[in-house]
Each structure stands twice: as structure tokens, then as C-alpha cells.
Amino acid sequence: MGTSETIAIENAHMPPFFNKIPISIDRGDGVYVWDEDGNKYLDLTSGWGVTSIGHAHPAIQTALTEQAARILQNPNSGLTYSPVRARLLALLADILPANLTRVFFTNSGAEANDAVIKLARKVTGRHYVVATERSFHGRTISTASATGQAKHREKFRPLMPGYSFVPFDDLDAIQSVLNADVAAVIVEPIQGEGGVRIPSEGYLEHVSRLCRANGSLLIVDEVQTGFCRTGPMFAISETKVRADFLTMAKGIAGGFPLGAFAVSEEVSGKLEVGDHGGTYCGNPLACAVAYAVIRYLIDNNISAYVAKLEQYALGEMLRLKEMYPGVLTEIRGKGLLLFMEFRDEAIAARVTDECLCRKVFVRQTQGNGIRIFPALNIEHEQLMEGFAVISQAIELVVKEKR
Ligand SMILES: Cc1ncc(COP(=O)(O)O)c(C=O)c1O
């Protein structure tokens, strides 16, 4: 099949949810991908924060093929035990915050958030959920209802009842809405889709204390920040945040669709048979891949590596901001979750396009920004190559605007 045929078929047979880029990706290797015509691109989006150890990594290939030759899905699924799932659970127990002792697997991040909102209501007997403005928690009706961005919510009314929003990074605002009806507060440690917004030091610790004092559960959504994306294994790993639920997806299995939620022993003690389930619930194939990916992150000390690259990336972004004042208005980032905010949406769109003309994928986010979130094992030279192209793209766009 050639590019034009692929595009024609997809355009004819998929609903029009995306303004698609007319490039048909055929294969990948590490941080590079190739289109059907053989053109090579640098992927600074890692498939939207998913291919955390790069495309077609040998560890993933081995896990997939070995497990595919054994078993993909158990008889009676979740009713039977799986050594591959058990092995993954034991590994997760080593890396999750110590109070989060139990894990259940889903197929996506939205599904994990959806499940924990449902379970928080059951466990507390309360029904209000507090979320933050600009947050993103998924596209199911309950997670869209918890998402603090009008474009993802308003056209789907009536939404799920009982959700309210407070500004992110505002403790007084949370305190003012916490009452005896609030089942849970759901929050990202760093807002990803919202434009890589990093809260003040200690914000989430305070939120967790306020929740505890109010008898509300804290749901920490680490779908985007988890598995070393921001440096530590989880964004809350080295903090005193006491989450009741922590949700995961994206980087957990390096591109194989998998999500999960972790729950404290205390909250899990209030859950019962029949409260949740699912057809797959951590099928052996997904678990084998996740195990391989997480092992790779640990064995290669990717956490420390990401922290090192963060220094370089922030330095480059700062240099660009100083070169183009008034055009590149703000930079933000933690680990390899990076954001450059431009004066307006048209500039961000042109920079994104110019990067692509130079065969580099970045992600235009929140209109006026671009997000850079490559594979976590990207080589320093490859990241330099990416920034060189971003720099050329900005330079060209700035010249155009003069
Ligand atoms: C913080 C956060 N939560 C939830 C989701 C939804 O995850 P999924 O697309 O796997 O359903 C996303 C996706 O971008 C996300 O960034």
C-alpha cells in the first residue's frame, strides 16, 4: 500500500476526530520513524508520551514474541492467576509509593481514572469529585466530566453530575470546596495536556493533607508523568504525598496499550468482589511487555539519565527564549516533559509545521505552545539534533513575522 492509498482509506473509513498530518508511518527504530515513502523523522513526541524506551525496542520485541508463543489471554481472564501478571505486580510493588500496595490493570489511562472515580464514590459513600482547571483525565464521559478544559466537556452535556473545578496550584481554592460530600480530589502532579504546568513546591503534599483531614480520597493521575517521564519513577515518588489511588498508562508498557491503578491497603480493604473488573484486567501479553519496559527503566537507571537530559534541555530552551524575547514567551519542563510557549497560536503552529518540514515531530499543545516529550532513552546527540531543528524553525518563523 502506498501513502496516498493509506490516507484515502483512513479518511474514508474513520470518523473525522483529528486534523491529520498527511504522513503515513510505516516503522520505527529508537527515536526515529520512517514513512511509507522511506522518509526518516525524529519523533520528539514518543507517540504522545508512550514509547518511553523508543520504537521497536529489542526488549519489547522479545517480550512480545516470547509471551505470544505462550499465552495472550487467560481462560476466564481475571478469575485465573497468571505468573506474568504476578511478576509485574511484584515489580510494581517495589517502585510504587509504599502505601499503594494493590494494583488493578486497565486498557488505558481514561479507563483507570474512570474506575477510581467510581470506586472512590463507593468507598466514601459520597459523590462529589473535585478536579482542577486545565486538567486532562481522559475521554470517557466520566473522565471528560473531570477534565478542566471546556473544549473536552461542553459539547457532551449533560455531563456526569457532581464534578467541580478549582484553579490548579491553589490550596485556598481546594480548601474552600472540600466538604462532607466530596468523595475525591483528582489531580495531575504536573498538568501535561494543560501545557506542562508545574505546581509550587509542596502543593500536592498540602492537597493530600487537606483530603485526609476531610475524609476525601486523593487520586493522583500519573498517566503522563509516570515511569520516569519527569525523572523519578513517579512524579510523587520522592515526595510526602499520600495518594489513595494512583493511575498509570502511557509509558507503562512502551506502546502496548495498558493502564493501571494502584490503591492503598486501607482503601482496598473497603472494596469487594464485583466492584470492578474487565475482560482483559492485565492480560499476560500486556503484562509481559510492561515488565520488560519497567525492568529496562530500572536496570538502565533511566531516572538519573532523564534528570541529566532535563538540565541540557532546559538550558537549550532558556537560550532560545533569550534569543527570541517576545516570541518565545515562556519555557517549562521537568525531566523530558518540556514545553515552549509562544506569543500566539499562529507562531506555535508555524514552528510545528517548520519542524515537520525538517522531519521532526513535536506536538502543538494548548494552541500557543509546543510540547517535547521524546523517548526517555534518547541519546544526547539526538536531543541536540532536535533542538537544532526547533531553533531553525523558530528563526525562520521570527524572520517571517518581521
Ligand atoms: C494525565 C492524563 N490522564 C489521562 C489521560 C488519558 O489516557 P488515555 O488516552 O490512555 O485514555 C491522559 C492522556 O493524555 C493524560 O495525559
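Author: Helices (H or I, at least four residues) and strands (E, at least two) are DSSP runs, numbered from the N terminus. By that rule, residues 109-124 are helix H5, which gives the most to the shell around the ligand, with three residues. Residues are numbered from 1 along each chain as its sequence is written. The model is predicted, with local features needing pLDDT of at least 70 and side-chain atom pairs pLDDT 80 or more, while totals for chains, interfaces and linings use all residues.

Reader: Which residues come nearest to the ligand?

Author: Ser 108, Gly 109, Ala 110, Val 223 and Gln 224 come nearest, out of 15 residues around the ligand. A residue counts as near if its C-beta atom, placed from the backbone, lies within 6 Å.

Reader: How does that shell divide by class?

Author: The shell holds four nonpolar, eight polar and three charged residues. The nonpolar class is Ala, Val, Leu, Ile, Met, Phe, Trp, Tyr, Cys and Pro; Asp, Glu, Lys and Arg are charged; the others, Gly among them, are polar. Gly 109 therefore belongs to the polar class.

Reader: Now the helices. What makes H3 roughly antiparallel to H11?

Author: The axes of H3 (residues 58-68) and H11 (residues 284-299) cross at roughly 155 degrees and come within 9 Å. Axes are lines fitted to C-alpha atoms, for helices over the stretch in contact, and angles run from 0 to 180 degrees between N-to-C directions. Under 35 degrees is roughly parallel, over 145 roughly antiparallel, 65 to 115 roughly perpendicular, and the rest oblique. The angle of H3 with H11 is over 145, so the pair is roughly antiparallel. Their contact has 13 nonpolar, one polar and no charged residues.

Reader: Then why are H13 and H14 oblique to each other?

Author: H13 (residues 345-357) and H14 (residues 380-401) pack at about 130 degrees, with axes 9 Å apart. That angle falls among "the rest", so H13 and H14 are oblique. Among the residues making the contact are Ile 347 and Val 351 of H13 and Ile 390 and Ala 393 of H14; to be in contact, two residues need C-beta atoms, placed from the backbone, within 7 Å.

Reader: What is the hand of the crossing of H4 and H11?

Author: Left-handed. A crossing gets that name if the near helix is turned anticlockwise from the far one by less than a right angle, and right-handed if clockwise. H13 and H14 give a right-handed crossing, as do H3 and H11.

Reader: On to the sheets. What makes S4 and S6 edge strands?

Author: The open sheet of seven strands has the order S4-S10-S9-S8-S7-S5-S6, with mixed pairing. S4 (102-106) and S6 (163-166) each have a single partner strand, so one side of each is left without a neighbour in the sheet. The twist averages 20 degrees from one strand to the next.

Reader: How do you know that S8 and S9 pair?

Author: Strands pair if DSSP finds at least two bridges between them. Three bridges join S8 (residues 217-221) to S9 (residues 245-248), so the condition is met. These strands run parallel, and Val 220 has Leu 246 as its bridge partner in S9.

Reader: What is the order of the sheet with four strands?

Author: The order is S11-S12-S15-S14, and the pairing is antiparallel. The edge strands are S11 (328-334) and S14 (363-365), each pairing on one side only. Three bridges join S14 to S15 (residues 369-372); Thr 365 has Gly 369 as its partner in S15. H13 packs on this sheet, touching S12, S14 and S15.
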